[in-house]
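Here are some comments on the model you sent round. Please read them with the structure open.

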Amino acid sequence: VYTIGGGFKLSGNYVAWTGADSSTGIGTDEAESTSAWQLFYEGELFDGNFLAQAGYSYDQGVGLAIGTADTSANRHGYSVAAAWKSAESGLMPSISTGYSWADVDNNSDYIDSWYVGLEWSDVFIEGNSFGGAIGAPPSFDDEDTSTMWEVFYSFAVTDNITITPAVFGIDDGGDDEEVFGGIVKTTFKF
């Protein structure tokens, strides 16, 4: 991570799956590789903390099987995301959102996904929180898109133990019934 200044940071990576085979080279058309670059901003906005991200990735000769997006073609990926949290808890929740899309070589369709999340701090008791999120997993734009959602309440049992019950649902966008589930997560801090 390189700190540019003024709240901006830049990070990047390059990974070659065929690195053991010197005949394919690094960054060549024969190399199976992925690279990702992200620009971050962190600062204060509207009496709260603000984070923003813009990203670019290139995947060459590397398969993808996430959500319903299954392809082995090369891809250029892009993403934007932001999060804001008020300096004080109250009626205003923290907000996070993001959108990503990828152009797939030799395919007129693109892959996209999105999410929005809200979380209220100090709900009923200081240290507890309530929140929810909704979004769609990566899928080709011409397919039925699944929508997923979650609602949770996190409460501190002690200073070191937090219990978070949650319910979630998945609607596949087709004729199938919506799937529901629940989870109870326990977090221990040492």
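The points below take up the strand pairing at the start of the chain and then a nonpolar surface patch.

1. The model is predicted, and the points that follow should be read as descriptions of that model.

2. Strand S1 covers residues 2-5 and strand S2 covers residues 8-16. S1 and S2 run antiparallel to each other and are paired over three bridges. One of the bridge contacts joins glycine 5 to phenylalanine 8 in S2.

3. The connection between S1 and S2 is a hairpin with two residues between the strands. Glycine 6 sits in this turn and has a positive phi, about 65°.

4. S2 also pairs with strand S3, residues 33-45. This pairing is again antiparallel and extends over nine bridges. Within it, lysine 9 is placed opposite phenylalanine 40 of S3.

5. On the surface there is a nonpolar patch of about 620 Å². Its members are Val80, Met92, Ile95, Tyr99, Trp114, Val116, Leu118 and Ile134. Strands S8 (94-104) and S9 (110-121) each contribute at least two of the patch residues. S9 gives the largest share, with three residues.

6. Is valine 116, a residue of S9, buried or partly exposed? Valine 116 has a relative accessible area of 34%, so it counts as partly exposed. Patch residues need over 30% relative accessible area, and valine 116, at 34%, therefore meets that cut-off.

Methods: Residues numbered from 1 in each chain as written. Predicted model: local features only at pLDDT ≥ 70, side-chain atom pairs only at ≥ 80, totals over all residues. Heavy atoms only, no water. Pairing = 2+ DSSP bridges. Helix = DSSP H or I, 4+ residues; strand = E, 2+ residues; numbered from the N terminus. Patch = residues over 30% accessible without salt bridge, like charges linked within 9 Å, V, L, I, M, F, W, Y side chains within 5 Å. Areas by Shrake-Rupley, 256 points an atom, 1.4 Å probe, with all protein chains shown as cover. Salt bridge = Lys/Arg side-chain N within 4 Å of Asp/Glu carboxyl O. Buried < 20%, exposed > 50% of the residue type's maximum accessible area, 1.4 Å probe, protein only.
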